[in-house]
Amino acid sequence: MEILKVVNLKKYYGSGDNLVKAVDNISFTIEKGSFTAIVGTSGSGKTTLLNLIGGLDYADGGEVIIDGHSIIGMQEEELTVFRRRNIGFVFQNYNLISVQNVYKNIVLPIRLDGRQPDKKYIEHICGQLGIEGKLDRYPNQLSGGQQQRVSIARAIAAKPALLLADEPTGNLDSKTSAEVMGLLKMTSREFHQTIIMITHNEAIAQLADRVIHLEDGRIVGEQEEGFSGKEAR
């Protein structure tokens, strides 16, 4: 089942000789429950693409359709509500609130939406992520890997249609990076969560089910788990 459709998406900066095509007429689809990595060097457009999919930036053209809803053209308030209910974010720097404990960080997006958290579901998430004994602690009392586990729990607590991960292992050592990647794969499998992750690390990207390669704002290649790779259109 298709959960995301990106059609002729564009984002340009500057003009004339200074024109930068950060995202240049990109199209692809994502199936529900899949784990996709978008990989490219610095300046390839991967962060811009993720921001457009997540409604954190405005496109210059094209469509982003999430679970049947086009976010292009949504008014700011409508987009904010849609994003809070349908998109979970995992950032490189965790983005946890230092003055709130782990549990309050996890349920914050749900509370902001005026809803009651599903306590049993959150307990299950925390158990699967190995942080069930740390709910009363504060972010500065946790290691980087533990903080990223909290970030993952927060991202999936509202049962979003998409989880977008922006270089989720960028601040972690190799051992902890492997653990976090294992947790993301488990999240996709256990909770049927659709994940799109951007990374510059080819080795990390290969752990996903599907890898999309970007260069100069365009898709230049694609490969799926179990295949040696294929050229994108």
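This is a short walk through the fold of one protein chain, from its overall form down to a few individual residues.

Before anything else, please keep in mind that what we are looking at is a predicted model, and I will try to speak about it with that in mind.

Let me start with the chain as a whole. The secondary structure comes to 7 helices and 10 strands. The radius of gyration is 18 Å, and the globule rule gives 17 Å for 233 residues, so the chain is as compact as a globular protein of that length. If you turn the C-alpha trace onto its principal axes, the spans are about 55 × 40 × 35 Å. Of the 233 residues, 48% count as buried, and the chain exposes about 11,400 Å², with carbon and sulfur atoms supplying 46% of that area.

Two further numbers describe how the chain is put together. Taking the contacts between residues at least 6 apart in sequence, 68% join residues that are at least 24 apart. As for charge, there are 26 positive and 29 negative charges, and their mean positions lie 6 Å apart.

Now to the sheet. In what order do the 4 strands of the open sheet stand? The order is E2-E1-E4-E5, and the pairing is antiparallel. Strand E2, residues 20–31, and strand E5, residues 69–70, stand at the edges with a single partner strand each, so one side of each is left without a neighbour in the sheet.

Within that sheet, strand E1, which covers residues 2–13, is joined to strand E4, residues 61–66, by 5 bridges, and the two run antiparallel. If you would like to find this pairing on the screen, look for Val 6, whose bridge partner in E4 is Val 64, and then for Val 7, whose partner in E4 is Glu 63. Strand E1 also holds Asn 8, which has a positive phi of about 50 degrees although it is not a glycine. With a relative accessible area of 39%, Asn 8 is partly exposed.

Moving along the sheet, E4 and E5 pair in the antiparallel sense over 2 bridges, and here the bridge partner of Ile 65 in E5 is Ser 70. The hairpin of E4 and E5 has 2 residues between the strands, and in it Asp 67 takes a positive phi near 50 degrees.

There is a second hairpin to look at, further along the chain. Strand E9, residues 210–215, pairs with strand E10, residues 218–224, in the antiparallel sense over 6 bridges, and Leu 214 stands opposite Ile 219 in E10. This hairpin of E9 and E10 has 2 residues between the strands, with Asp 216 taking a positive phi near 50 degrees.

Let me turn to the helices, beginning with helix H1, residues 46–53. How many of the 8 residues of H1 are buried? The count is 6 of the 8, so the helix is largely enclosed by the rest of the structure. The buried residues in H1 are Lys 46, Thr 48, Leu 49, Leu 50, Leu 52 and Ile 53, and you may notice that a lysine, Lys 46, is listed there with the others. After H1 comes Gly 55, whose phi is positive, near 70 degrees.

Helix H6, residues 174–190, is the place of Leu 183, which counts as buried at 9% relative accessibility. Leaving aside residues up to four places away in sequence, Leu 183 touches Gln 128, Leu 129, Arg 149 and Ile 152. Leu 183 and Asp 166 are 17 residues apart in sequence, and from C-alpha to C-alpha they are 15 Å apart in space.

I will finish with two loop residues. Ser 34 lies in the loop between E2 and strand E3, residues 35–39. Is Ser 34 buried or exposed? At 15% relative accessibility, Ser 34 counts as buried, the cut-off being under 20%. Again not counting residues up to four places away in sequence, Ser 34 touches Ser 188, Gln 193, Thr 194, Ile 195 and Asp 209.

The other residue is Lys 159, found in the loop between helix H5, residues 144–157, and strand E7, residues 162–166. Lys 159 has a positive phi of about 55 degrees although it is not a glycine.

Note on methods: Residues numbered from 1 in each chain as written. Predicted model: local features only at pLDDT ≥ 70, side-chain atom pairs only at ≥ 80, totals over all residues. Heavy atoms only, no water. Rg over C-alpha atoms; globule rule 2.2 N^0.38 Å. Buried < 20%, exposed > 50% of the residue type's maximum accessible area, 1.4 Å probe, protein only. Contact = heavy atoms within 4.5 Å. Areas by Shrake-Rupley, 256 points an atom, 1.4 Å probe, with all protein chains shown as cover. Lys, Arg positive; Asp, Glu negative; His and termini not counted. Charge placed at Lys NZ, Arg CZ, Asp CG, Glu CD. Pairing = 2+ DSSP bridges.
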